[in-house]
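Q: I would like to learn how to read this structure one feature at a time. Where should a reader begin?

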Amino acid sequence: MKDIVLNISMGVLALSILACLYRLLKGPTPSDRIAALDTIGILLLSMIAILGILLGTKDFIGIALVIGILTFIGTAALARYIERGAVIEPGDDEERR
């Protein structure tokens, strides 16, 4: 029973990734595309966790953590780029001092 539920969850997550890919490619605004990219990262993280449960291994936990960290950093960098036009501005260090 557990395997059936997990397999159905994988299918639903795969369909969700396809929907987010559509929004990523067609999104009318850059904010929509960033939200879609962030959601895809979270869905991939979920799929890897479910795959780890299905295979009965803990080896995928590290991969899921790396994907989560990269998703967060990517989303923060893209949001800053949209807000300010650059990820790292030349005057950032001088303002903090």
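## Reading the helices and their surface

A: Begin by placing a residue in its element: Leu 44 lies in helix H2. The model is predicted, and the chain averages a pLDDT of 86, with 93% of the residues scoring at least 70.

Q: Which elements of the chain have the lowest and the highest mean pLDDT?

A: Confidence can be read element by element. Helix H4 (residues 92-96) has the lowest mean pLDDT, 60, and helix H1 (residues 2-26) has the highest, 92.

Q: Is Leu 44 buried or exposed, or in between?

A: The classes rest on cut-offs: buried is under 20% relative accessible area and exposed is over 50%. Leu 44 has a relative accessible area of 37%, so the residue is partly exposed. Asp 32 is also found in H2, which covers residues 30-55. With a relative accessible area of 29%, Asp 32 counts as partly exposed.

Q: What separates Leu 44 from Leu 24, in sequence and in space?

A: Such a pair is read with two numbers, one along the chain and one between C-alpha atoms. Leu 44 and Leu 24 are 20 residues apart in sequence, and their C-alpha atoms are 15 Å apart. For Asp 32 and Gly 74, the figures are 42 residues along the chain and 14 Å between C-alpha atoms. Val 66 and Met 10 are 56 residues apart along the chain, with 20 Å between their C-alpha atoms.

Q: Why does the span of H3 agree with its number of residues?

A: The test sets an expected length against the model. At 1.5 Å a residue, the 25 residues of H3 should span 36 Å, and the end C-alpha atoms are 36 Å apart, so the two agree. Val 66 lies in this helix, H3, and is partly exposed because its relative accessible area is 47%.

Q: What phi does Gly 85 take just after H3?

A: The backbone angle is read at the residue that follows the helix. Gly 85 takes a positive phi of about 85°. In the loop between H3 (60-84) and H4 lies Val 87, which is partly exposed at a relative accessible area of 39%.

Q: Which residues form the nonpolar patch on the surface?

A: The patch consists of Tyr 81, Ile 82, Val 87 and Ile 88, and together they have about 400 Å² of accessible area.

Q: Which residues does UniProt list for "transmembrane region"?

A: A record can be set beside the model. The unreviewed UniProt entry lists residues 6-25, 34-54 and 60-79. In the model, residues 6-25 are 100% helix and 0% strand, with end C-alpha atoms 28 Å apart. Residues 34-54 are likewise 100% helix and 0% strand, and their end C-alpha atoms lie 30 Å apart.

Notes
Residues are numbered from 1 along each chain as its sequence is written. This is a predicted model: local features need pLDDT of at least 70, side-chain atom pairs count only at pLDDT 80 or more; totals for chains, interfaces and linings use all residues. Side-chain values use heavy atoms; hydrogens and water are left out. pLDDT is the predictor's confidence in each residue, from 0 to 100. Helices (H or I, at least four residues) and strands (E, at least two) are DSSP runs, numbered from the N terminus. Patches are made of residues with over 30% relative accessible area and no salt bridge: like charges are joined within 9 Å, nonpolar side chains (Val, Leu, Ile, Met, Phe, Trp, Tyr) within 5 Å. Accessible areas come from the Shrake-Rupley method with a 1.4 Å probe; for residues, only the protein chains shown count as cover. A salt bridge is a side-chain nitrogen of Lys or Arg within 4 Å of a carboxyl oxygen of Asp or Glu. Buried means under 20% relative accessible area, exposed over 50%, partly exposed in between (1.4 Å probe, protein chains only). The expected span of a helix is 1.5 Å times one less than its number of residues. UniProt positions are given in the numbering used here, feature names are shortened, and annotations may be inferred rather than shown by experiment.
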